[in-house]
Amino acid sequence: MFSKLALRNVRRSFRDYGVYFLTLTFGVCLFYTFNSLDGQGAMVYLAMNGNPIVDSIIILMDVFSVFVAVVLACLILYANRFLLRRRKRELGTYLLLGLSQGQVSRLLFLETGLIGVVSLAAGLALGVAASFGMSALTLSMFEIDLSGMLAVNFSPRAACKTALYFGGIFLLVMALSGVQVSKSKLIDLIHGERKNEILKPRPLGVAVFQFLLGVICLLAAYAILLTFGMAMAVAVLPICVPMLTLGTVGTLLIFRSLSGFVMKFVQGHPGLYFRNLNVFTLRQWISKVHTTYLAQTVVCILLLLAIGITASSLGLNSTLTAMTDQDAPFDITVQNQSGDVELVNFDAVLRAGGFNPDEKLAWSYDTVFYYNDPEITGIDRFSGGGGVIRVSDYNALIVRQGEPAYTGTLPALMYDETSGEGPALATGGLSLICIVVPDDMVQQLEPRRQVWSADYAGDSKEETEIQLLQLVQPLNQRLAIRTGSRLSNYGDMMGNKFLALFLGLYLGFTFLLAAAAVLALQQLSQGADNTRRYAVLRRLGAEERQVKRSATQQVALAFLLPLVLALVHSAVGMKAANDIIFSVGKVDSAASSLVTAGVILVVYGGYFLATSLACRRMAKNA
């Protein structure tokens, strides 16, 4: 009998509280996806090439998974309390029918077990699909064709780890549910849904003072962050603690002041206050803000973390890509550092080894750098770098890199771009300080070094590079040859890219899921509390569309206000974070912001839509 009753209750709960089960499923999916990285194509490729960052990524994922599991556990426990609160009358009815509290606890135990099994199975199935999408995303970052490594791989290790963590969470939920029911009185269960929150109005002066004080605290926190920078503000405790304290207190005061501040403001505009059901909508929303400002503050901070971490990881990812392209502008660069001893005919060396440059290379160029003679060039302040280069060679290299040709006076001293004094000449990871002279002037100078650069033709770049290096490396037996390639740079950089991307998305999605789920459950609870009020509104003559609109407006206010304040926080935080990222390289802030906005729209907007539809359905059925 208990199994049959539990199965019926679970089916009904799936229909009425879909947001709860979606949260469980998404949590399992998220946990599995980021713990199955070791079997994804990109990580397998890096491991095959002996990249040491693979082990670091796996270890960090294991460490952060513990933190994510704690966050999800708190979220699931909060959601379970919501469900129990909604079912108090039902549980009290079971007691009236003769069931003991132990039997009711056993019923809840069976229901939670069924919910856990279904959510775990659905989440793992969705996680396999999500891990395939993650694998496709990471493989698309490579400059070489790795489509052969794209496959759907089920990770037993990640599945067992997910089942272990979430099994423990559900066991904890079962135990706490039984304890809560065993300690509840019958009268409290029967009348649990009738307890209303009391709206205690605050004086307008107090609300305005709290609002202004909150703004001042936030401005002080912003000033500390922008003055000292993200790195120092986070790492130095005497700076970090006051900044975080002021930011949290400021956010809390703003939400606390809304109950009196907004009410008085709207009441001062009778045309808006008495339009449609705005009186009812506003007072219902204010009554919740009045007593849940702590939860609103937590949601705002969670959104701030989700937006900031996601946008920063995507911005840093694009920065690392730009750095790689700058360090390796050509597919391969071979430096003959013994150019003063012998100049190599690389084209002849390749053809002699059976390598056809006309078919396998899209572009190649041979450049000779010369020793500087101040009596000839007229430039005596010169140390290190590449030496003297012909203007035709210099223009050929920088034009290939997408820069305009040099048309200034000659001879000219070109500085490294990182010094801020002039254009850079990047050749295989080496930014050279060089003197550009007319072509005929080098006839009076001695060769110093030789640089041969090339870009591959076709898609089989990895195979082409292996063949080319096999022919070039034997030159080391008599000359000092140094090679650098875009593929090798990408192999080293990809590990750092994946580390930033995986950790950022993992934490960002976790915080976003937690914030959206908490708001959704709060609004579902409020919608259920308002069912009797919606029935009264209909008896008073309110139209159906007005009732539904009121339910949607309450959900919209609850979702939008924390988001708006979190966006303000994120704008200031991203300004400080970008200062660090800009110091490393160029970041595409627009692209990272658009991607982050898309993620928020899908996850947060999806929860808003699901919650709004559920609350409208409750209002309709009232």
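In strand 8, Val368 has Gln450 as its bridge partner. Helices (H or I, at least four residues) and strands (E, at least two) are DSSP runs, numbered from the N terminus. This is a predicted model, in which local features need pLDDT of at least 70 and side-chain atom pairs count only at pLDDT 80 or more, while totals for chains, interfaces and linings use all residues. Residues are numbered from 1 along each chain as its sequence is written, and side-chain values use heavy atoms, with hydrogens and water left out.

Stay with strand 8. Strand 8 covers residues 447-456. Two strands pair if DSSP finds at least two bridges between them. Strand 2 (residues 361-370) runs antiparallel to strand 8, and 9 bridges join them. Strand 1 (residues 332-336) also pairs with strand 8 in the antiparallel sense, over 5 bridges. There, Ile332 stands opposite Ala454.

How many residues of strand 8 are buried? The count is 8 of its 10 residues, so the strand is mostly covered. Buried means under 20% relative accessible area, exposed means over 50%, and partly exposed lies in between (1.4 Å probe, protein chains only). Ser453 is one residue of strand 8. Ser453 has a relative accessible area of 1%, so it is buried. Contact means heavy atoms within 4.5 Å. Leaving aside neighbours within four places in sequence, Ser453 is in contact with Phe330, Ile332, Thr333, Trp363, Ser364, Tyr365 and Leu397.

Leu397 leads to helix 17. That helix spans residues 391-400, and Leu397 is buried in it, as are Val391, Asp393, Tyr394, Asn395 and Ile398. Gly402 follows helix 17 and has a positive phi, near 90°. Further on comes Pro411, in the loop between helix 17 and strand 4 (412-414). A cis peptide bond joins Leu410 and Pro411, with omega about -10°.

Now a caution. pLDDT is the predictor's confidence in each residue, from 0 to 100. Residues 416-424 stay under 50, and the model has 16 contacts for them beyond four places in sequence. Residues 426-430 are also below 50, with 19 contacts in the model beyond near neighbours in sequence. The mean pLDDT of the protein is 76, and 76% of its residues reach 70 or more.

Turn to the helices at the two ends of the numbering. Tyr607 lies in helix 22 (residues 589-621). Is Tyr607 buried or exposed? Its relative accessible area is 6%, so Tyr607 is buried. Leaving aside neighbours within four places in sequence, Tyr607 is in contact with Val19, Leu22, Thr23, Phe26, Leu513, Ala516, Ala517, Ala520 and Phe559. Leu22 is 585 residues from Tyr607 along the chain, yet their C-alpha atoms are separated by 9.4 Å.

Phe26 is in helix 2 (residues 18-35). Phe26 counts as partly exposed because its relative accessibility is 35%. Together, Leu22, Phe26 and Leu126 make a nonpolar surface patch of about 230 Å². Patches are made of residues with over 30% relative accessible area and no salt bridge; like charges are joined within 9 Å, and nonpolar side chains (Val, Leu, Ile, Met, Phe, Trp, Tyr) within 5 Å. Accessible areas come from the Shrake-Rupley method with a 1.4 Å probe; for residues, only the protein chains shown count as cover.

Charged pairs come next. A salt bridge is a side-chain nitrogen of Lys or Arg within 4 Å of a carboxyl oxygen of Asp or Glu. The whole structure has 8 salt bridges. Asp62 and Arg157 form one of them, at 2.9 Å, N to O. Asp62 is in helix 4 (residues 53-86) and Arg157 in helix 7 (residues 156-183), so the pair links distant parts of the chain, 95 residues apart. Asp62 also meets Lys161 in a salt bridge, at 2.7 Å, N to O. Lys161 is in helix 7 too, so this pair ties together parts that are 99 residues apart in sequence. Asp62, Arg157 and Lys161 are thus linked in a network of salt bridges. Lys161 counts as buried, at 13% relative accessibility. Asp62 counts as partly exposed, at 25%.

Finally, the whole protein. It has 22 helices and 9 strands. Of its 622 residues, 50% count as buried. Among contacts between residues at least 6 apart in sequence, 84% join residues at least 24 apart.
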